[in-house]
Amino acid sequence: MSSHPIKIAPSILSADFSRLGDEVRAIDQAGCDWVHVDVMDGHFVPNISIGPLIVEAIRPVTGKLLDVHLMIAPADPYLEAFAKAGADIITIHAEAGPHLDRSLQAIKALGKKAGVALNPATPVSTIQHVIDKLDLILIMSVNPGFGGQAFIPEAIAKVEQARALIGGRTIEIEVDGGVDPSNAGALAKAGATALVAGSAVYKGNDAATYAPRIKAIRDAAMAR
């Protein structure tokens, strides 16, 4: 899905929303691989962020893959809207509904790549029976709902477990929450292939800082 062995996916949750189009263009030009879009409903997680209209608005702004993370429950009624808005990967939470297999089938039927996110307390074994329907496993390294939280180290072990479960399949392992150059190397060594970075890229919202920050995370990951 990208030319880089480690994909860096800045989260627009930390962008300056008063100039979101410019902020998306800035991370694109700064060398990001994916654009991570955090969707929160104030129900599944204790915050409300954005919906399909914002995804539709930023789709023309970048040619990079739109990595849409649905922290919403139920997710199924909104899958088609996010697909039509331009999402490339749609990731749903294993905890957000009773019929994970059905939800993944629905994403695939919409022609999109399907991901499953796991909260910090959710074991990797939860997804062993849907592994062949996945394009991406998202390991949450913070409790979802807010940016700027501290990294939970147990996520590294969960990445290793996900790597073992995947075996020879072509499935991305993404990590989201508190990722920065201090932990990128350990995550990559454990098997992560995509790293979400919110405040680690966007803090201060100065576009001149984005390229060196993206490079620093990538370099730390590649130095494993």
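Trainee: In α4 (residues 100–109), which residues are exposed?

Mentor: This is a predicted model: local features need pLDDT of at least 70 and side-chain atom pairs pLDDT 80 or more, while totals for chains, interfaces and linings use all residues. Residues are numbered from 1 along each chain as its sequence is written, and side-chain values use heavy atoms, without hydrogens and water. Helices (H or I, at least four residues) and strands (E, at least two) are DSSP runs numbered from the N terminus, and with a 1.4 Å probe on protein chains only, buried means under 20% relative accessible area, exposed over 50%, and partly exposed in between. On the side of α4 away from its buried residues, the exposed ones are Arg102 and Ala109.

Trainee: How wide an arc do the buried residues of α4 cover?

Mentor: The buried residues in α4 are Leu100, Ser103, Leu104 and Ile107. They lie on the same side of α4, because their arc around the axis (taken from the directions from the helix axis to the C-beta atoms) is only 100°.

Trainee: Which elements do those buried residues pack against?

Mentor: Contact here means heavy atoms within 4.5 Å. By that rule, the buried residues of α4 pack against α3, β4 (89–93) and β5 (113–118).

Trainee: Which residue has a positive phi although it is not a glycine?

Mentor: Most residues other than glycine have a negative phi. Just after α4, Gly111 has a positive phi of about 80°, but Gly111 is a glycine. In the loop between α7 (199–202) and α8 (210–222), a non-glycine residue has a positive phi of about 50°, and that residue is Asn205.

Trainee: What is the omega of the peptide bond from Ala73 to Pro74?

Mentor: Most peptide bonds are trans. Pro74 sits in the loop between β3 (65–71) and α3 (79–85). Its bond from Ala73 is cis, with omega near -5°.

Trainee: Which helix gives the largest share of the largest nonpolar core?

Mentor: A nonpolar core is a set of buried Ala, Val, Leu, Ile, Met, Phe, Trp, Tyr and Cys residues joined through side-chain atoms within 4.5 Å. The largest has 66 residues, of which Ile12, Leu70, Ile137, Ile139 and Leu195 touch the most other members. Its largest share, five residues, comes from α8.

Trainee: Which residue forms an aromatic pair with Tyr202?

Mentor: Rings of Phe, Tyr and Trp (its six-membered ring) pair if their centres lie within 6.5 Å, with planes under 30 degrees apart called stacked, over 60 edge-to-face and the rest tilted. A search of the whole structure gives one aromatic pair. At 4.9 Å centre to centre and 80° between the planes, the pair is edge-to-face, and the partner of Tyr202 is Tyr210.

Trainee: Which residues are closest to the centre of the largest pocket?

Mentor: On a 1 Å grid over the protein atoms alone, a pocket is an open set of points where a 1.4 Å probe fits, with protein on both sides within 12 Å along at least five of seven lines, and lining residues have an atom within 4 Å of a point. The volume, the space filled by probe spheres set on the points, is about 300 Å³ for the largest pocket. Of its 26 lining residues, the closest to the centre are Gly147, Gly148, Asp176, Gly177 and Gly178.

Trainee: Is Thr193 buried or exposed?

Mentor: Thr193 lies in the loop between α6 (181–190) and β8. Among the residues it touches are Pro5, Arg163 and Glu172. Its relative accessible area is 16%, so Thr193 counts as buried.

Conventions. Lists of a residue's contacts leave out its neighbours within four places in sequence.
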